[in-house]
Amino acid sequence: ARFRRNLQPTLTYWSVFFSFGLCIAFLGPTLLDLRCQTQSSLSQITWVFFSQQFCLLLGSCLGGVFKRTLAQSLFALFASSLAISLVFAIIPLCHNVVVLAVVMAVAGLAMGCIDTISNMQLVKIYQKDSAVFLQALHFFVGFGALLSPLIADPFLSDTNCILSNSTANASSNLPHIRKSLVPHHPGNLSHYDLPMKGMVVTRVSYAFWIMALINLPVPIAVFFLLYKERMVPCFNGSSHPLLSADELAMETRPTEKEDLSTTVQRPHTAGG
């Protein structure tokens with residue numbers, strides 16, 4: 001019964017955590033293509049990981065600031081989910097590794113706020129029964145993290161994405177580099193010669209734009225929740241919403257008592 005009453009907020013928090021998973025898993029598969037896009041070395045492009053994860057830590061701490069009211073929490077979720085969509089759309093335009101690191105830092109802040117606020121709001125709603133709903137929340141993280149590499153895979157470069165004089169040698173090295181980037185079997189990448197200057201040919205931009213479109217319904221869902229809770233200033237009318245049955249009963253009880261007291265007092269006044 002509580003789930004039915006809070007169906008829209010619960011689905012909204014789940015969808016926001018889907019954004020979290022979508023954003024946390026795309027960086028690894030697209031790392032080599034982003035290196036080509038920014039024309040940087042492998043050691044330089046890996047700083048993007050640090051900027052994202054460090055700002056995720058800061059965002060998790062910052063999310064606790066918005067816990068005082070529901071309006072603050074929902075506005076923070078709306079801004080964070082919208083920021084993730086904008087980050088996906090802006091990444092193809094980042095041709096400098098420093099700019100890319102700054103953009104990923106913004107994404108990390110948004111992810112941290114989403115992580116803290118969504119968990120906190122679900123616990124507030126369901127209290128001692130929140131375990132099942134928190135498990136479902138983290139399922140959507142995994143679903144987003146599964147979908148993100150699948151979207152990026154068709155657009156990854158099979159050969160070197162920077163055309164230069166040493167392209168032929170670097171193209172043959174690229175499959176070995178991808179295998180060396182496996183987390184549990186890291187290899188020495190220093191002996192691979194990857195060009196940093198030349199004409200960039202990569203299609204990874206389409207993957208980011210597709211992920212931006214997939215993520216776009218999430219801030220819209222948060223906005224509708226804000227509208228339902230009548231927290232959007234420009235859409236607040238003068239009319240009040242209809243009362244529920246329980247609230248209507250509470251409102252009518254005092255009036256019945258007042259009517260009863262007035263009927264009791266009327267014979268006394270008439271007799272006097």
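**Helix H5 and the nonpolar core**

Let me begin with the face of H5 that is turned away from its buried side, where we find the exposed residues Trp47 and Cys61. Please keep in mind, as we go on, that this is a predicted model.

Helix H5 itself runs over residues 47–63, and its 17 residues reach 24 Å from the first C-alpha to the last, which is close to the 24 Å expected at 1.5 Å a residue.

Now, which residues of H5 are buried? They are Val48, Ser51, Gln52, Cys55, Leu56, Gly59 and Gly63. Because these buried residues cover an arc of only 135° around the axis, they sit on the same side of H5. As for what lies against them, the buried residues of H5 pack against helix H2 (7–24), helix H4 (42–45) and helix H7 (97–126).

That brings me to the core. The largest nonpolar core has 55 residues, and those touching the most other members are Phe26, Ile45, Phe88, Ile91, Leu100, Met104 and Phe208. To this core H7 gives the most, with 13 residues. If we take Leu100 and leave aside residues up to four places away in sequence, we see that Leu100 touches Leu34, Thr38, Ile45, Val48, Ile91 and Cys94.

Finally, a word on the record: an unreviewed UniProt entry lists several stretches under "transmembrane region", among them residues 12–32 and 206–227. In the model, residues 12–32 are 71% helix and 0% strand, with their end C-alpha atoms 34 Å apart, while residues 206–227 are 95% helix and 0% strand, with 33 Å between the end C-alpha atoms.

Terms used:
Residues numbered from 1 in each chain as written. Predicted model: local features only at pLDDT ≥ 70, side-chain atom pairs only at ≥ 80, totals over all residues. Heavy atoms only, no water. Helix = DSSP H or I, 4+ residues; strand = E, 2+ residues; numbered from the N terminus. Expected span 1.5 Å × (residues − 1). Buried < 20%, exposed > 50% of the residue type's maximum accessible area, 1.4 Å probe, protein only. Arc of directions from axis to C-beta. Contact = heavy atoms within 4.5 Å. Core = buried A, V, L, I, M, F, W, Y, C linked by side-chain atoms within 4.5 Å. UniProt positions renumbered as here; feature names shortened; annotations may be inferred.
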